[in-house]
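I opened this notebook to keep a record of what I looked up, entry by entry, and of the order in which I looked.

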Amino acid sequence: MRIAVDVMGGDLGPGEMVPGALQAAQEYGADLVLVGNESSIRQCLSKIEGRWAEQVDIVHAPSAISMDEDPLSAVRHKRDSSLVVAARMVREGKAEAMVSAGSTGALVAAGPLVVGRLSGVSRPALATPVPTVDGACILLDVGANSDCTPEQLLEFATLGSVYASSLLGLDRPRVGLLSIGSEPSKGNALTVAAHRLLACSPVRFIGNVESRSVPFGAADVVVTDGFTGNILLKSMEGVGIAVFDMVRQAAASSLRSKAGALLMKPSLRKVKKRMDYSEYGGAPLLGLAGLVVKAHGSSDRKAFASAVRVTSDLLRSGMSDRMARAVADRGLSTILPNGGGLE
């Protein structure tokens, strides 16, 4: 199962993307093809020792889409860019998946325009795992669609449930609708209407969930529009970083605090690792005819390797096929191989 890797995207470019991709190939056995400017790729490979650097395949793409370009226009006119070439490889069956740390807008545009949508999906959604007290939950949409309809939130619930089943190993994912209160009547017109649809759908809908309940695992899948989801995601990232900074300052405030911090250091490292976005890999753009994964724009080689690992794991799980079947019948009875276990 081959993965097309756009190594020209992201803030750090091929200098980090190429080593990260090869790290994933070596550690996780991912079958990769590097897509981008061949000269730049080979320059990066020359600094890496081992057979992986010597044997990896390269597909030349002379241009790249920058973060400040208009996404839709760039995808339509820069057909030789690394992101579009990688997406086209998925559409043509030359790769089963692609991963990129490039422009989110360009990837969201290339998904339906180049790879194509699943029949029955009106808008693909970006989904990402977020840490909870007991593990993780899936949050979607986190930025692909700022404005949504109630019907699209219902689609996201179906897509997110399949993803949670594949990534988190859950047989019966609990789906919650992000709102300002637990009552069905709470929220704006979108959430109230979406609540009515979800309550009558085959997904395991548990009702509204408030943002403060998300880190405590109130639901396995949290559904919202991309504008709200992106704000929630970045707020959680920011609060996590701020809390650790406050802990660091408090730990250095006195000799007694320093001694206590030394004893707590191993445990704090474990918590920090769980809060680190680079450990969670990428966010798949769900609802497409092929697997497309967005890595964090600021990914270093470690974070990018995690994104490639997640892509490889999702391919092996058969998520794409189950998602296509689930969307086709607008239910989740097809999530499990035996077709059971879901309400």
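Entry 1, a helix and its cover. I count a residue as buried when its relative accessible area is under 20%, with a 1.4 Å probe and protein chains only. By that cut-off I found helix α5, residues 82-91, to be mostly covered, since eight of its 10 residues are buried. I wrote down the buried ones as Ser82, Leu83, Val84, Val85, Ala86, Ala87, Met89 and Val90. Arg91, at 45% relative accessibility, I entered as partly exposed. Just after α5 I came to Gly93, which takes a positive phi of about 80 degrees.

Entry 2, confidence. I am working with a predicted model, so I checked the pLDDT before going further. The protein chain averages 87, and 92% of the residues score at least 70. Over residues 331-343, however, the pLDDT is below 50, although this stretch has 35 contacts in the model beyond near neighbours in sequence.

Entry 3, salt bridges. How many salt bridges does a search of the whole structure find? My search returned 13, and I followed several of them through to their residues.

I began with Glu38 and Arg42, whose closest N and O atoms are 3.1 Å apart in a salt bridge. Both residues lie in helix α2, residues 38-45, and they are four residues apart, about one turn of the helix. Glu38 is partly exposed with a relative accessible area of 30%, and Arg42, at 48%, also counts as partly exposed.

Next I looked at Asp313 and Arg316, which form a salt bridge of 3.8 Å from N to O. Why might these two side chains be placed to meet? They are three residues apart in helix α11, residues 301-317, and are therefore separated by about one helical turn. An α-helix has 3.6 residues a turn, so residues three or four places apart point the same way. I noted Asp313 as partly exposed at 36% relative accessible area, and Arg316 as partly exposed at 46%.

I then returned to Arg91, because its side chain meets that of Glu92 in a salt bridge of 3.6 Å, N to O. Glu92 is partly exposed, with a relative accessible area of 41%. To close the entry I recorded a network of salt bridges that links Arg2, Asp31 and Asp57.

Entry 4, rings. I searched for aromatic pairs and found zero in the structure. I did find a charge over a ring: the charged end of Arg309 sits over the ring of Tyr28, 5.8 Å from the centre of that ring.

Entry 5, a loop residue. Is Asn145 buried or exposed? I read a relative accessible area of 5%, so I entered Asn145 as buried. I located Asn145 in the loop between β6, residues 135-140, and α7, residues 150-168. Leaving aside neighbours within four places in sequence, I listed the contacts of Asn145 as Arg123, Pro124, Ala125, Phe156, Asp225, Gly226 and Phe227. With one of these, Arg123, Asn145 also shares a side-chain polar contact of 3.4 Å.

Note on methods
Residues numbered from 1 in each chain as written. Heavy atoms only, no water. Buried < 20%, exposed > 50% of the residue type's maximum accessible area, 1.4 Å probe, protein only. Polar contact = N/O pair within 3.5 Å; in protein donor to acceptor, adjacent residues only side chain to side chain. Contact = heavy atoms within 4.5 Å. pLDDT = per-residue confidence, 0-100. Salt bridge = Lys/Arg side-chain N within 4 Å of Asp/Glu carboxyl O. Phe/Tyr/Trp six-rings, centres within 6.5 Å; stacked < 30°, edge-to-face > 60°. Lys NZ or Arg CZ within 6 Å of the ring centre and 35° of its normal.
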